[in-house]
Amino acid sequence: MKSSFETVNIDNITEKELLEVLDKNKATSKRLKEMLNKVNKLSIPTRIIVSKEVFSSTSTKEINIQKEFEDEVDFYLNNLRSITEDMTKEEIVHLLPPTRKDNYERLLLRLKLESIKSLRDFNSIITEASNLGLQDFQFAQKEIQLEKMKLDVISSLLTKMYIKDVEENISVKNRLIFVPNSSGTIRILEELESIPQELYSSFNSLFQSIQDGTFKGVKRFTSSNTKIAGISEVRDIDTGARVVFDRVGKDTYAIITAFIKKVMQSHGYHEQLERKIGNYKAFLTDIKLELNNTQYLNSQAVYEQRLWDKLQMHARCQKGGAKCKKK
């Protein structure tokens, strides 16, 4: 059974051929993830036998890499669903991957293809539906305009990249907002107290990826659990470090919670996550109202500085050869 992903030469391929490859690779990804789930449920002796059969040409590592890519695509597609007709090109660009991401070109190509497919689907609705009502017709027309906006922006970014006219490492600095717990104290700063300091560098990297827009190992929680659906997390797969966040403005992200997944799983992972996200949603209206309040933003900047001081303290201690102590 063929299970490897197809690659293409983007310099010599039509959009139709690209769409066909996209569909095939999505189907392959879905099939391989189903295989991986089945194998993980088996006992260890049986798993070894079955894995030789179903993963003859594709390793578990390749499946995980593809799954991580699909998670990234889902995150950016969700970002693009928020665009409106009055948004500028710069505002749309801010919802897309930054140029410094290693898979920048691959992500843009995939997002372009998804937009082409959506555009094709809405055009088919208009041209083929004989009993389309006025409201549905207007909705489809609006979606077509939005998809064209996305395509124009993505295509221009790809063109700049291909003619080597894109600015390298365009500076992005997103604003971080820190969600309090029910008692009013900042949850993240409290949670770091119970996290081993040797993992601070992992969390430092995750927080920096939110701030610079690269979103390391990003994943959006799906609609299978309505209590957490739509919220996102960045992940360090090797250490299990996680930071859960949500976009609350054009360049503003609310930091909800941070934890080590393998530790949290032993203490009711889903229940704790639901509770903390529920707490965040209770504050969400107030947070959005405060985003233009200078005093509020200044207090958030203070919390952010405390965060960096705490996370980078361990690295400074190690570099200086001193033993780290929690503050």
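Is Gln-211 buried or exposed in this predicted model?

**View 1. Gln-211 sits in helix 8.** Gln-211 is buried, with a relative accessible area of 12%. The cut-off for buried is under 20%, so Gln-211 falls within that class. A polar contact of 2.7 Å links the Gln-211 side chain to the side chain of Glu-304. Leaving aside residues up to four places away in sequence, Gln-211 touches Val-172, Lys-173, Asn-174, Leu-176, Glu-304 and Trp-308. Glu-304 thus appears both as a polar partner and in the list of touching residues.

**View 2. Helix 8 covers residues 200-212.** Its 13 residues should span 18 Å at 1.5 Å a residue. The end C-alpha atoms of helix 8 are 18 Å apart, which agrees. Buried residues of helix 8 are Tyr-200, Ser-202, Phe-203, Asn-204, Leu-206, Phe-207, Ser-209, Ile-210 and Gln-211. Gly-213 follows the helix, and its phi is positive, near 80 degrees.

**View 3. Five strands build an open sheet with mixed pairing.** The strand order is 1-5-4-3-2. Strand 1 (175-178) and strand 2 (219-220) stand at the edges. Each has a single partner strand, so one side of each lacks a neighbour in the sheet. Strand 3 (residues 232-236) runs antiparallel to strand 4 (residues 241-249), and 5 bridges join them. Here Glu-233 has Val-244 of strand 4 as its bridge partner.

**View 4. Strand 5 (252-260) is largely enclosed by the rest of the structure, because 9 of its 9 residues are buried.** Strand 1 pairs with strand 5 in the parallel sense, over 4 bridges. In strand 5, Ile-255 stands opposite Phe-178. Strand 4 pairs with strand 5 in the antiparallel sense, over 8 bridges. Ile-260 of strand 5 stands opposite Ala-241. Strand 4 and strand 5 form a hairpin, with 2 residues between them.

**View 5. Helices pack on the sheet.** Helix 8 lies across strand 1, strand 3, strand 4 and strand 5. Helix 8 runs at about 20 degrees to strand 4. Helix 10 (residues 269-290) also packs on the sheet, touching strand 1, strand 3, strand 4 and strand 5. The direction of helix 10 makes about 160 degrees with that of strand 5.

**View 6. The largest nonpolar core holds 47 residues.** Phe-203, Phe-207, Ile-210, Phe-215, Val-243, Phe-245 and Ile-255 touch the most other members. Helix 6 (residues 134-162) gives the most to this core, with 6 residues. Apart from this core lies another, of 17 residues, including Val-248, Ala-254, Ile-277 and Tyr-280. In soluble globular proteins, nonpolar side chains tend to be buried together.

**View 7. Phe-203 and its contacts.** Beyond residues up to four places away in sequence, Phe-203 touches Ile-195, Ala-241, Arg-242, Val-243, Ala-258, Phe-259, Ile-260 and Leu-311. Phe-203 itself is among the buried residues of helix 8. Val-243, one of its contacts, is also listed among the residues that touch the most other members of the largest nonpolar core.

**View 8. Asp-86 lies in the loop between helix 3 (60-80) and helix 4 (89-93).** Asp-86 counts as exposed, at 65% relative accessibility. The cut-off for exposed is over 50%. The side chain of Asp-86 makes a polar contact of 2.4 Å with the side chain of Thr-84.

Methods: Residues are numbered from 1 along each chain as its sequence is written. This is a predicted model: local features need pLDDT of at least 70, side-chain atom pairs count only at pLDDT 80 or more; totals for chains, interfaces and linings use all residues. Side-chain values use heavy atoms; hydrogens and water are left out. A nonpolar core is a set of buried Ala, Val, Leu, Ile, Met, Phe, Trp, Tyr and Cys residues joined through side-chain atoms within 4.5 Å. Buried means under 20% relative accessible area, exposed over 50%, partly exposed in between (1.4 Å probe, protein chains only). Contact means heavy atoms within 4.5 Å. Two strands pair if DSSP finds at least two bridges between them. Axes are lines fitted to C-alpha atoms, for helices over the stretch in contact, and angles run from 0 to 180 degrees between N-to-C directions. The expected span of a helix is 1.5 Å times one less than its number of residues. A polar contact is a pair of N or O atoms within 3.5 Å; within protein, one must be able to donate a hydrogen and the other to accept it, and residues adjacent in sequence count only if both atoms are side-chain atoms.
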